[in-house]
Structures are given as structure tokens and as C-alpha cells.
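Work through the exercises below with the sequence and the 3D structure open beside you. Try each task on your own before you read its solution.

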Amino acid sequence: MAGGSSNKVDDAHETSITIEGDHSTMLEIHKVCLPPNKTIIQSIKHNFSEIFFPDDPLHKFKNQKPSRKFLLGLQYFFPILQWGSDYNFKLLKSDVISGLTIASLAIPQGISYAKLANLPPIHGLYSSFVPPLLYAVLGSSRHLAVGPVSIASLVMGSMLKEVVSPTEYPTLYLKLALTSTFFAGVFQTSLGLLRLGFIIDFLSKPTLTGFTAGAAVIVGLQQLKGMLGITHFTPKMQIVDVLSSVFSTTKEWSWQTVVMGMCFLIFLLATRHISIKKPRLFWISAAAPLTSVILSTVLVYAFRAHTSAISTIGHLSKGLNPPSANMLSFSGTHLALAVKTGIVSGILSLTEGIAVGRTFASLRNYQIDGNKEMIAIGVMNMAGSCTSCYVTTGSFSRSAVNFNAGAQTAVSNIVMAATVLITLLFLLPLFNFTPNVILAAIIITAVIGLINYEEVIKFWRVDKFDFMTCLIAFFGVLFLSVQMGLAIAVGVSILKILMNVTRPTTMVLGNIPGTQIFQNVGRYGDAKRVPSSFILAIESPICFANSAYLQERILRWVREEEERILANKEQDMKTIILDLTAVTAIDTNGLEAIVEIRKMLDKRSYKLVLVNPVGQVMEKLETSKTLELFGERGLYLTVGEAIADISKRTKIGV
């Protein structure tokens, strides 16, 4: 048994062993050491740091003068101060080009996504002005293009619409949307300040893929109202209700609207296809939405005497974002709805924003701070709720255009916001004759890109459970509701985590002839069992959730090995070797399980030996006095050393 707390290797002795007929090799038998002594304060500090500060954000402040620390603190909270001092005309030129490019996409998308959230179109433009300015100051990504996004718009629109009708109670609906945005910002900022960003990791990729695809289908079907010119349409979001509403209102279909919608939809899809096939022509797809808006508006205006059946956006009031802090409601019967909507839409927008930011940061070999991004996105949503904006985040489509257009810094967001500002002040009357069918076509084109069938095929090939999680999220959104589909998919993901924890992998190890390597006999055909010894490995922490299972599973392994030995008339098993290399942690239940396993095996005349417990496990085995039960030769550093020493002691009759 290991003694003391030094991390130095104890004195060792040499021995030799022949495994399965191989040549004898000399091995040093090392004793397993305890980790260095730590006080309770040191242990708590270490664990706290690893959980909440794995990136050590304060490393830049070490050994710095107070004035330097103050400057670094300002740069930490306001990244624009970090890169702003080195900004030059060359960077400005690239950012202006990319900013104007994404503005051409942001303006029609902003109007469209506001419609998707059941809000007046003007709020989409408001949300493309204030939030990008704040992100340029607070954000750490150089390429993230901020504004309304389809998923957050859809979720907010569907959750609020189920309780409050945007047509019957437009003022109440707007108040709830703004209040939800405020709570989304509070939630996002809190996650960043408390460094709890790991919470969003519970939204696994299969969950998001299935949810996004289901939402995309629902969004696309909802746009049939605009594509067909339907006046009376169901407020429900389930696929059955939507399709029933489409085919029960055939008398309302407008052939002029259908023709215009199909023509521009084909145009938008064609430009998108060209940009995908030839990334250098990204600007074709980026300019297509604004081009469609301009052309359709001109056509409707020119032939307005013959296009009365085509509905248009109508009047949009010019001017900057009006203050809306007085519309935030923190009481009343709908407060719970606003909080719930804010949290759900906040999590989704946060997940998308950080994922997009990290994607483009990796392409340019720089890092973004996830917690800092949460604070930036949260602050801009809180401020946005007070300036007539609804939930915003980083958009993948606009960020991709921004990246391909050559953006160098967040100034591209400022240029985009300035362009939106000019639109709000001077160009809004031009949208009076913009047909709603164009907005529907733009939304359909955008959401088609959210259906990632290649990823679903990959889930099927790699992990069937992930595939099922993806399908559950997809069909949950289609047939239940957006939030229910997401909730069920998250529940399935958590179930997967619980299954991995409560039913960890155990395996039988064998020796690969001619080596001191021990591997899974079920995986490596040439791995041979060692006579008189039975080697088991556990690949999981041992805790209260799985200790009973591991106890039962190990005893079952032993029983099956006894039956195999009896059937093959092999040498009797005498020693059970438990490889703890992959056991990263253990609690009191796990320690008790180890003791119980040893007692049960001892009653059956088997000796239990432990191999290579990691530092934390070793420390708990020692402090709990569990190691005293295993005697002097009950703990080894490697499986090879355990086999060598046991074989030697068996030969000399010890």
C-alpha cells in the first residue's frame, strides 16, 4: 500500500514474468503514489477554478502595474479598445464593403423575421440598428453579424401567439415581446457574469439539428399564407393544423400572388445554389433578397391597377427607434409567459450566436471568449428591449456573407447599422408597395438552409441514439409545438447523459503477445487472457448513480468467466485485477462498492487487486482507509506490473 503524500516514485524492485509463452522481461514494480497534500481551501479553490475559470481569464493581469491592470480591465469588458488602437484605413475599406454587403441582406431579412415573430415589420429594422452598435463595442468576434434570426423569431412568435393573438391584441403582444427580450438579455448576461455557459451545452448537436429542421419546415409551411395570398390562416404551429388551413382556404388563393411568389422563390433558390457551388460568388446570394424586394416593389407599383390582389407591407413610419422601456411589463397574468419565452428564445439565440462566432473565429485562427459573448449578447438584448427591438443574436447567413466579403473587425456591424439608420430616416416610404409574398419567399429560402440532412445521415452512421434524439426533436416540433419539441429533445439528451453515467462501460482485458499492452479482448482478436488472472477495466467515474450497477456487473463478469473456464477446462482463476485508469472520480458510495466487491470475492477465495487509480481516486482510497483492506500487494501502477508481481509471488509460493 502506498504511504505518505509525496509525489516522488517510491523505491522499486525488479521481477520477471512469462505471459502466454512470451519471453521473460524484467519489470520494475512501482508503488502508486498519493497526490501532493492540499489544504481544504486549496482544494476548493482548485475545483472552483476548473469549473468556472477553465480558460484562466485573469492570466493577463498577473505581475502587472495597477495602471496596466486598469487598462486591461477596460479592454476585457470593451474589446473595441483592444483592437481599435491599431485600426487603419485598409481595415476600414474592407469593413465598409462587408458592412454594406450584409446591410443589403439584413434589411429584407429584418423585415421578414419581424413578420415571422408576428411583430410589425419596422421592429425588424429597429433590431438591426441598436444591437449591432452595442455588439461592436462589447463583442469579441470580428465576423459575427448581429440582428434578428429566424429560429429566435419563430420561437418567440409561436410561444406568445399560443396565448395572445397579435392581431386581436397587438399592443399587449408587443409588450410581451419586448418584455421577453428583456428577460432573454437578463438570462444571457447572468450566464456570462456567473460563467455558467456550460448550461447551453445541454442543447446537443442532434437536438439542435432536429429542432432546427422541424422549425424550418413549420416556418416554410407558415409562409404558404403569403405565397398563396391567403387572408384567413390558422394561428397554430402544428403541421396538421397548418396544412388543413392551407387546403381549406383554396378560394382565397391568388394566382397573381402565386406566380410572383414562385418566380422570385426560384430566383432566390437559384442564386443560393450558385453561391454554394462557387463560394467566390457569395455576393450573388447576398444581394438577391434586396434585389427581389426592389424588383417586386417596382412591379407592384408599376402595375398596381392589376395587382390589387397582392397584399403589400403598407406604410412604415420613418424615424429612429422609439424608446420602449415604459412598455416592459413585470407584473400581471402574462409575466410567466414572458419569462418562459425569454429564457427559451435566449438560450437558442445564445447557442446560435456563440456557435457562429466560434466557427468563423476558427477559420481565422483567433479565439472568442464564450462568457464575454454571453454578456455582449445579453446587454444588447436588454438595451434593445428598451429601444423597440426584439431578440437578436449573431446570424449564420449574414455572418457568412460578412466573412466572405472580407470583414476584418466588428466595424462592419457599425457600417451595417449606419445603413439601416439611413433606411429608417429616409427610405422607408419606398417599402410601401413591397409585396408580402416576397418576404415569404425570402424566409423560405433562408429556412431551407436550416435543414441539414447530411448531418442527420451522419448521426445514423455514427450514433443511433443521436439519430433518435434528432428525430424526436424534429417530429416533436412538427406535431406538438416548438417548445414541447425542444423540451422533449433536451430531456432525451439528458437521459443519454444519465444512461452513460448509470450504465458505464466495463470490459475484459487481455495481453497482446510480445508486449506489455493490455486491451479489450472483444475488440482485439490477438489479445489473450492471462492464466489464473481476470482483468477488468471500468471506463467511468464511480458514484452513487452507478455503484450498485458496477457491483452487480463485475460479479456477473466473474460468474461468466468461471463458466468459460469450466467449459474450456482452463487454469482456475485466482486473482481479479480491476483497472481504474479511466475512473476519473469516486465518491463514498463508490468506495463502499469497492469494499463490498472485495468482500464478496474474498468469500469465493478470489484476490481483488486495484491498478492505477488517478490522483483524486487514490486520495479518497487512502483517506477512507479502503486501501488497508487490500494489504501490501493490493495496489499496482500498471496491469503489466500487477501480472508480473502476482506471477512471481505465485511461483515462489507467496
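The exercises that follow concern a predicted model, and they go from the whole protein to single residues.

**Exercise 1. Describe the protein as a whole: how many helices and strands does it have, and what share of its residues count as buried?**

Solution. Begin with the secondary structure, where a count along the chain gives 25 helices and 10 strands. Next, consider the extent of the model, whose C-alpha atoms fill a box of roughly 105 × 65 × 55 Å along the principal axes. Then turn to burial: of the 654 residues, 49% count as buried, and the protein exposes about 31200 Å², with carbon and sulfur atoms supplying 62% of that area. Go on to the contacts with a separation of 6 or more, of which 78% are accounted for by residues 24 or more positions apart. Finish with the charges, for there are 56 positive and 43 negative side chains, and the centres of these two sets lie 11 Å apart.

**Exercise 2. Find which residues UniProt lists as "transmembrane region", and examine the secondary structure of two of these stretches.**

Solution. The UniProt record, an unreviewed entry, lists residues 172-196, 208-233, 253-270, 282-303, 374-393, 405-427, 433-453 and 465-495 under this name. Take residues 253-270 as one case: the chain there is 89% helix and 0% strand, and the end C-alpha atoms are 25 Å apart. Now take residues 374-393, where the chain is 60% helix and 5% strand, while the end C-alpha atoms are 10 Å apart.

**Exercise 3. Locate the "domain: STAS" feature and describe the chain within it.**

Solution. The feature comes from the unreviewed UniProt entry, which places it at residues 523-646. Over residues 523-646 the chain is 44% helix and 15% strand, and the C-alpha atoms at the two ends are 25 Å apart.

**Exercise 4. Decide whether Q188 is buried or exposed, and find what it is in contact with.**

Solution. First place the residue, which belongs to helix α8, spanning residues 170-193. Its relative accessibility is 0%, and since buried means under 20%, Q188 counts as buried. Then leave aside the neighbours within four places in sequence, and the contacts of Q188 turn out to be G346, S349, L350, M374, I375, I377, G378 and N381. As a last step, compare sequence with space: Q188 and A376 are 188 residues apart along the chain, yet their C-alpha atoms are separated by 8.7 Å.

**Exercise 5. Do the same for S296 and V420: in which helix is each placed, and what does each contact?**

Solution. S296 is in helix α13, which covers residues 282-302, and with a relative accessible area of 0% this serine is buried. Apart from neighbours within four places in sequence, S296 is in contact with M260, F264, P435 and I438. V420 is in helix α17, made up of residues 411-427, and V420 also counts as buried, at 0% relative accessibility. With the same kind of neighbours left aside, V420 is in contact with I107, L125, S128 and F129. To set V420 against another position, note that its C-alpha atom and that of I284 are separated by 20 Å, the two residues being 136 apart along the chain.

**Exercise 6. Search for disulfides: how many are there, and what is the situation of C389?**

Solution. A search of the whole structure finds zero disulfides. For C389, the nearest cysteine sulfur is that of C386, at 9.7 Å, whereas a disulfide would need the two sulfur atoms within 2.5 Å. C389 is itself buried, at 1% relative accessibility, and C543 is buried too, with a relative accessible area of 17%.

**Exercise 7. Examine the positive phi values of S388 and N612, and state where each residue is found.**

Solution. S388, which is not a glycine, has a phi near 65 degrees, and this residue is found in the loop between α15 (370-385) and β4 (393-395). N612, likewise not a glycine, has a positive phi of about 50 degrees, and its place is in the loop between β9 (607-611) and α24 (615-623). For the last step, look at accessibility: S388 is buried, with a relative accessible area of 4%, whereas N612 counts as partly exposed, at 22%.

How values were computed: Residues numbered from 1 in each chain as written. Predicted model: local features only at pLDDT ≥ 70, side-chain atom pairs only at ≥ 80, totals over all residues. Heavy atoms only, no water. Helix = DSSP H or I, 4+ residues; strand = E, 2+ residues; numbered from the N terminus. Buried < 20%, exposed > 50% of the residue type's maximum accessible area, 1.4 Å probe, protein only. Contact = heavy atoms within 4.5 Å. Areas by Shrake-Rupley, 256 points an atom, 1.4 Å probe, with all protein chains shown as cover. Lys, Arg positive; Asp, Glu negative; His and termini not counted. Charge placed at Lys NZ, Arg CZ, Asp CG, Glu CD. UniProt positions renumbered as here; feature names shortened; annotations may be inferred.
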